[in-house]
Amino acid sequence: MYVTKYKSKDALMKNRPSHIPRDQWTGLVLYWLSDKAKKRSQANRISRAKQKMPHTGGSKSIATLMNEKAIDGIEPTRAQVYILTHTKRKDGRPLDEESSNTVDIDEREVE
């Protein structure tokens, strides 16, 4: 967010968020502008673009999700967890066609 908004090192340094200490911000800006960080960012973009079935689980671990969805101490099956992490949160539709096909197969196995 900051690197794209503030193009130069000076602009980044001047626009430090108040909740981040100055020395940590300086180190972060220097890392963002390093060749190592730029190469890693590019590699991550390429990997993300190749992903065929994204999930909507967020940062919550599968173990936490399974524990939260357990009913009377019985955790959901792998198929149920897959469905939970590969459908949109608001309306329940799958994220893409490949996820949709897989969710349809998993739902039949769950029943």
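Which residues line the largest pocket? In this predicted model, the lining is made up of Met 1, Tyr 2, Val 3, Thr 4, Tyr 31, Trp 32, Leu 33, Ala 37, Lys 38, Arg 40, Ser 41 and Arg 45. Let's look at that pocket, and then walk through the rest of the fold.

**The pocket**

The largest pocket holds about 280 Å³ of space. Three elements each give two or more residues to its lining: α1 (2-5), α3 (22-32) and α4 (35-50). Of the contributors, α4 gives the most, with five residues. If you sort the lining by class, you find seven nonpolar, two polar and three charged residues.

**The overall fold**

The protein has seven helices and zero strands, so from the N terminus on, its elements read α-α-α-α-α-α-α. It has 111 residues, and 19% of them count as buried. What share of the contacts between residues at least 6 apart in sequence joins residues at least 24 apart? In this protein that share is 40%.

**A link from α2 to Leu 33**

Lys 9 offers a good example of two places that are apart in sequence being brought together. This lysine is found in helix α2 (residues 9-14). Leaving aside neighbours within four places in sequence, Lys 9 is in contact with Val 29, Leu 30 and Leu 33. Lys 9 and Leu 33 are 24 residues apart in sequence, while their C-alpha atoms are 7.9 Å apart in space. Leu 33 also belongs to the lining of the largest pocket. Is Lys 9 buried, partly exposed or exposed? Its relative accessibility is 41%, so Lys 9 counts as partly exposed.

**Where α5 meets α6**

Two packed helices are described by the angle between their axes and the distance between the axes. Helix α5 (residues 62-69) and helix α6 (residues 78-85) pack at an angle of about 105°, and their axes are 11 Å apart. Because of that angle, α5 is roughly perpendicular to α6. The residues that make the contact are set out by helix below.

| Helix | Residue range | Residues in the contact |
|---|---|---|
| α5 | residues 62-69 | Ile 62, Leu 65, Met 66 and Lys 69 |
| α6 | residues 78-85 | Val 81, Leu 84 and Thr 85 |

By class, this contact of α5 with α6 has five nonpolar, one polar and one charged residues.

**The loop between them**

Asp 72 lies in the loop between α5 and α6. What is notable about its backbone? Most residues other than glycine have a negative phi. Asp 72, however, has a positive phi of about 55° although it is not a glycine. With a relative accessible area of 77%, Asp 72 is exposed, whereas Lys 9 on α2 is partly exposed.

Definitions and conventions:
Residues numbered from 1 in each chain as written. Predicted model: local features only at pLDDT ≥ 70, side-chain atom pairs only at ≥ 80, totals over all residues. Heavy atoms only, no water. Axes fitted to C-alpha atoms, helices over the stretch in contact; angles between N-to-C directions. Helix = DSSP H or I, 4+ residues; strand = E, 2+ residues; numbered from the N terminus. Parallel < 35°, antiparallel > 145°, perpendicular 65-115°, else oblique. Contact = heavy atoms within 4.5 Å. Nonpolar A, V, L, I, M, F, W, Y, C, P; charged D, E, K, R; others polar. 1 Å grid on protein atoms, 1.4 Å probe; cavity = no way out; pocket = protein on both sides within 12 Å on 5 of 7 lines; lining within 4 Å. Points joined across faces, edges and corners; volume = space filled by probe spheres on them. Buried < 20%, exposed > 50% of the residue type's maximum accessible area, 1.4 Å probe, protein only.
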